[in-house]
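Let us walk through a protein model together, one piece at a time. Have a look at the picture first, and then we will start with a small puzzle.

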Amino acid sequence: MTVAATPHQWVQVIESWDETPSLRSIAFRMPDEYCWSHRKPGQVVKVRTPAGEGYFALATAPVTHPRGELLMKRGGRVADTAIELAADGGSLDISPPFGGGFPVEDGHDRDVLLFAAGSGIAPIRAIVQHVLANRARFRRVTLFYGQRHGSEFAYAREHLAWDRGGIRVVLCPSQEDDAWPGMRGRVQQVASTLALGGAEPAETTAFVCGMTAMVDDVRATLADAGVPPEHVHLNF
């Protein structure tokens, strides 16, 4: 991923909260010039901290109001330091949004499949927001979201609104016990079991974010089902 030389700014944190014990959301006020750079869901920012720097996808779609959100997984030096800096109305040293993001226009008038695992739900949530704001442009939309356990799904308070807005949400815990009431397994396994949520493979676009092995498995599953590879997209 090529990174253009862009100025950083200290941005004001609006609020931060735990989505899960391991995932923390941070909302910040986006400078006006950053809003102009935020063009597509899936773009990223670079966060600089005393512990180093890291790249994080924006968890929000491009909108008119200057609010951006990040989802950070605890356990890494940069993320842990950023979480500490963001506490109690702090500030973060963040670059403008950059990168190509997801080509959401490829999903227009097509069935759409969204695949996310772990903290990869952040840029996929940005697509969800975009789809909800432009729902008539897309056909059937299904989100397959994987975590190890049922307690680890981020944005749980939003899932019902996503579903009511016309996005089917399929949660896929891979290591849940028999108490889990829904499907279990890795996202690609559940998608295959559910016949891609009813999507027509030749008329489907997929957007994927997660670990490399998960992405490779999802691509293979979609190819086997007949989804054209040129319609399967990452955000970088």
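Which residue stands opposite Phe 207 in S11? The partner is His 233. Before we see where that pair fits, a few ground rules will help. This is a predicted model, in which local features need pLDDT of at least 70 and side-chain atom pairs count only at pLDDT 80 or more, while totals for chains, interfaces and linings use all residues. Residues are numbered from 1 along each chain as its sequence is written, and side-chain values use heavy atoms, leaving out hydrogens and water.

**How confident is the model?**

The score called pLDDT is the predictor's confidence in each residue, from 0 to 100. For this protein the mean pLDDT is 93, and 96% of the residues reach 70 or more. Residues 1-5 stay under 50 in pLDDT, and the model has 5 contacts for them beyond four places in sequence. (A contact means heavy atoms within 4.5 Å.)

**Strand S10 and its partners**

Helices (H or I, at least four residues) and strands (E, at least two) are DSSP runs, numbered from the N terminus. Two strands pair if DSSP finds at least two bridges between them. Strand S10 (204-209) pairs with S11 in the parallel sense over 2 bridges, and this is where Phe 207 stands opposite His 233. S10 is also joined to S7 by 6 bridges, and these two strands run parallel. Within this set, Ala 116 stands opposite Cys 209 in S10.

Is S10 enclosed or open? Here, buried means under 20% relative accessible area, exposed means over 50%, and partly exposed is in between (1.4 Å probe, protein chains only). Because 6 of the 6 residues of S10 are buried, the strand is largely enclosed by the rest of the structure. Both of its faces are covered: Thr 204, Ala 206 and Val 208 are buried on one side, and Thr 205, Phe 207 and Cys 209 on the other.

**Helix H6, a helix with a buried side**

S10 also helps to cover the buried residues of H6, and the cover includes strand S7 (111-117), helix H5 (187-193) and strand S11 (232-233) too. Those buried residues of H6 are Met 214, Val 215, Val 218, Thr 221 and Leu 222. They cover an arc of only 130° around the axis, which puts them on the same side of H6. (The arc is that of the directions from the helix axis to the C-beta atoms.) An α-helix has 3.6 residues a turn, so residues three or four places apart point the same way. The face of H6 turned away from the buried side carries the exposed residues Thr 212, Ala 213 and Asp 224. Just after H6, Gly 226 takes a positive phi of about 100°.

**Checking two helix lengths**

The expected span of a helix is 1.5 Å times one less than its number of residues. The table compares that value with the distance between the end C-alpha atoms.

| Helix | Residues | Expected span | End-to-end distance |
|---|---|---|---|
| H3 (121-133) | 13 residues | 18 Å | 18 Å |
| H6 (212-225) | 14 residues | 20 Å | 20 Å |

H3 is mostly covered, with 10 of its 13 residues buried. Among them are Ile 121, Arg 125, His 130 and Val 131.

**The six-stranded sheet**

An open sheet of 6 strands has the order S4-S3-S6-S1-S2-S5, with antiparallel pairing. Its edge strands are S4 (52-57) and S5 (67-73), each of which pairs on one side only. Strand S3 (residues 44-49) and strand S6 (residues 91-94) are joined by 2 bridges, and Arg 48 has Asp 93 in S6 as its bridge partner.

Helix H2 (residues 77-86) lies across all six of these strands, running at about 80° to S3. (Axes are lines fitted to C-alpha atoms, for helices over the stretch in contact, and angles run from 0 to 180 degrees between N-to-C directions.) In H2 we find Leu 85, which counts as partly exposed at 28% relative accessibility. Leu 85 touches Thr 49, Pro 50, Gly 90, Ser 91 and Leu 92, not counting residues up to four places away in sequence.

**Two loop residues**

Asp 109 is found in the loop between S6 and S7, while Leu 196 lies in the loop between H5 and S10. Phi of Asp 109 is near 60°, a positive value in a residue other than glycine, and phi of Leu 196 is near 60°. Which is buried, and which is exposed? Asp 109 is exposed, with a relative accessible area of 57%, whereas Leu 196 counts as buried at 5%.
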